[in-house]
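Got the viewer open? Let's walk through this one selection by selection.

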Amino acid sequence: MSGVKRKRNVLNVKQKSEILKKLDNGESASTDAEDVLNEGNAIYDSAALQSVGTLLHYMGQRGFDYGDITAVREIRVGIRQEMNKQQKQKRITDFLKQ
């Protein structure tokens with residue numbers, strides 16, 4: 001990842017105080033914090049697919065259990081299906097724009 005700069009999301013004072021108030025009231029604030037921190041951190045399907053491929057390679061080298069490898073392969077299939085669905089939708093949209 002040399003040369004790649006990532007934007008670091010940090011809670012601002014208002015967001016922190018709102019979360020602290022919820023905690024003081026006994027409410028759960030973990031999802032609020034996660035939502036704020038995850039804004040703009042979308043992972044693209046191609047990057048996820050590459051990461052899963054790397055994980056499978058690593059698991060194969062380390063002799064992971066077949067069931068674990070199969071579970072990761074199913075994740076890869078799901079990512080590919082989602083990519084294909086999005087590509088199909090884009091082709092339809094592009095066709096209708098003509």
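Before any clicking, here is a rule for the surface stop later on: a patch is built from residues with over 30% relative accessible area and no salt bridge, and nonpolar side chains are joined into one when they lie within 5 Å. Also keep in mind that you're looking at a predicted model.

**Whole chain, cartoon view**

Start with everything on screen. You should see four helices and zero strands, so the order from the N terminus reads α-α-α-α by the usual DSSP runs. Of the 98 residues, 13% count as buried. Switch on a surface and you have about 8600 Å² exposed, with carbon and sulfur atoms supplying 53% of it. If you like contact maps, take the contacts between residues at least 6 apart in sequence: 48% of them join residues at least 24 apart.

**The core**

Next, select Leu49, Val52, Leu56, Met59, Ile69, Val72 and Ile79 and show them as spheres. These seven residues are the largest nonpolar core. Helix 3 (45-62) and helix 4 are the elements that give two or more residues to it, and the largest share, four residues, comes from helix 3.

Now centre on Val72. Which residues does Val72 touch, not counting those up to four places away in sequence? Val52, Leu55, Leu56 and Met59. Hang on to Leu55, since it returns at the next stop but one.

**A side trip to Val77**

Pick Val77, found in helix 4. Buried or exposed, or something in between? Val77 is partly exposed, with a relative accessible area of 43%. Draw a distance from its C-alpha to that of Leu49: the two atoms are 9.1 Å apart, while the residues sit 28 apart along the chain.

**The surface patch**

Select Leu55, Tyr58 and Phe64. Together they form a nonpolar patch on the surface, with about 270 Å² of accessible area. Phe64 has its place in the loop between helix 3 and helix 4. Its relative accessible area is 36%, which makes Phe64 partly exposed, and Tyr58 falls in the partly exposed class too, at 39%.

Stay here and look at the rings. A pair of aromatic rings is described by the distance of the centres and the angle of the planes. The count comes to one aromatic pair. The rings of Tyr58 and Phe64 have centres 6.1 Å apart and planes at 55 degrees, so this pair is tilted. The cut-offs behind that label: under 30 degrees would be stacked and over 60 would be edge-to-face.

**Salt bridges along helix 4**

Last, show the charged side chains. Side chains of opposite charge can pair when their charged atoms come close. How many salt bridges does a search of the whole structure find? Two.

- Select Glu82 and Lys85. Their side chains meet in a salt bridge at 3.6 Å, N to O. The two are three residues apart in helix 4 (residues 66-97), and so are separated by about one helical turn. Glu82 is partly exposed at 30% relative accessible area, and Lys85 is partly exposed at 45%.
- Then select Asp94 and Lys90. This salt bridge is 3.0 Å, N to O. Both residues lie in helix 4, four residues apart, about one turn of the helix. Asp94 is partly exposed, with a relative accessible area of 32%.

Definitions and conventions
Residues numbered from 1 in each chain as written. Predicted model: local features only at pLDDT ≥ 70, side-chain atom pairs only at ≥ 80, totals over all residues. Heavy atoms only, no water. Salt bridge = Lys/Arg side-chain N within 4 Å of Asp/Glu carboxyl O. Buried < 20%, exposed > 50% of the residue type's maximum accessible area, 1.4 Å probe, protein only. Core = buried A, V, L, I, M, F, W, Y, C linked by side-chain atoms within 4.5 Å. Contact = heavy atoms within 4.5 Å. Patch = residues over 30% accessible without salt bridge, like charges linked within 9 Å, V, L, I, M, F, W, Y side chains within 5 Å. Areas by Shrake-Rupley, 256 points an atom, 1.4 Å probe, with all protein chains shown as cover. Phe/Tyr/Trp six-rings, centres within 6.5 Å; stacked < 30°, edge-to-face > 60°.
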